[in-house]
Amino acid sequence: MTLQEVETLIDDLYAASAAADWDKVATMVTDDLLISEAPGLPMAGTYKGKNALRDLFNDVFAMLQVQSLDVIGSTYGGDYAVKILRMNFGEGLEPAELTEMFRIRDGKVCEIKPYYFDPAPVKAAAAATQKA
């Protein structure tokens, strides 16, 4: 894939996820999609398969009450893409800064691995949701 094709794939994946168009998402990911969330996070674990992104998305947005996701920047090279993001939570909560690494195989996303700069805002958002 060209860098422009990879960029389009990832941007379209974000748009389809935000619109909850999970049928479209399923066409953009491999059957063996692997998403790994780090230990210590409220959503820690491994999500696998065509529905992995749907399952993770629904868990994270409900658990953390995510208000919006800002794309700060992107970079692409070879079989990889990286998005630099800010995840915004409810009023009075500090946003989380993170990157998401995407690995591409045969024109589809086969792996997603988020990296959080500081897990404290994520944990605070989860705690605030539990109190509500």
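Which residues does Val71 touch, not counting residues up to four places away in sequence? I looked this up first in the predicted model. I found that Val71 touches Lys83, Ile84 and Leu85.

**Entry: Val71 and its strand**

I placed Val71 in strand β3, which covers residues 68-77. I then asked whether Val71 is buried, exposed or partly exposed. Its relative accessible area is 45%, so I recorded Val71 as partly exposed; the limits I applied are under 20% for buried and over 50% for exposed. I also checked Val71 against Ala19, which is 52 residues away along the chain, and noted a C-alpha separation of 16 Å.

**Entry: the β3-β4 hairpin**

I next examined the partner of β3. Strand β4 (residues 80-88) runs antiparallel to β3, and nine bridges join the two. In this pairing, Leu85 of β4 stands opposite Val71; Leu85 is also one of the residues that Val71 touches. The two strands form a hairpin with two residues between them. In the turn I noted Gly78, whose phi is positive at about 60°.

**Entry: the sheet**

How many strands form the open sheet, and in what order? I counted six, ordered β2-β1-β6-β5-β4-β3, with mixed pairing. The edge positions belong to β2 (45-48) and β3, each of which pairs on one side only. On average, neighbouring strands of this sheet are turned by 15° against each other, direction ignored.

I then followed β4 to its other partner. Eight bridges join β4 to β5, and these strands run antiparallel. Here I recorded Val82 opposite Met101 in β5. Helix α3 packs on the sheet, where it touches β1 (29-37), β2, β4 and β6. The direction of α3 makes about 35° with that of β1.

**Entry: aromatic pairs**

I searched for aromatic pairs and found two in the structure. One is formed by Tyr14 and Phe102, with 5.8 Å centre to centre and 70° between the planes, and is edge-to-face. Tyr14 lies in helix α1 (residues 3-18) and Phe102 in strand β5, so that the pair links distant parts of the chain, 88 residues apart. I noted that both Tyr14 and Phe102 are buried.

Trp22 and Phe57 also form an edge-to-face pair, at 5.3 Å centre to centre and 65° between the planes. Because Trp22 lies in helix α2 (residues 22-28) and Phe57 in helix α3, this pair ties together parts that are 35 residues apart in sequence. Trp22 has a relative accessible area of 16% and is therefore buried.

**Entry: helix α4**

I closed with helix α4, residues 120-131. Its twelve residues reach 17 Å from the first C-alpha to the last, close to the 16 Å expected at 1.5 Å a residue. Which residues of α4 are buried? I listed Pro121, Val122, Ala125 and Ala126. Seen down the axis of α4, these buried residues fall within an arc of 140°, so they line one face of the helix. On the other side of α4, I found Gln130 and Lys131 exposed.

I finally looked up what covers the buried residues of α4, and the cover includes α3 (52-64), β5 (96-105) and β6 (108-116). Two of these elements appear in earlier entries: α3 holds Phe57, and β5 holds Phe102.

Technical notes
Residues are numbered from 1 along each chain as its sequence is written. This is a predicted model: local features need pLDDT of at least 70, side-chain atom pairs count only at pLDDT 80 or more; totals for chains, interfaces and linings use all residues. Side-chain values use heavy atoms; hydrogens and water are left out. Helices (H or I, at least four residues) and strands (E, at least two) are DSSP runs, numbered from the N terminus. The expected span of a helix is 1.5 Å times one less than its number of residues. Buried means under 20% relative accessible area, exposed over 50%, partly exposed in between (1.4 Å probe, protein chains only). The arc is that of the directions from the helix axis to the C-beta atoms. Contact means heavy atoms within 4.5 Å. Rings of Phe, Tyr and Trp (its six-membered ring) pair if their centres lie within 6.5 Å; planes under 30 degrees apart count as stacked, over 60 as edge-to-face and the rest as tilted. Two strands pair if DSSP finds at least two bridges between them. Axes are lines fitted to C-alpha atoms, for helices over the stretch in contact, and angles run from 0 to 180 degrees between N-to-C directions.
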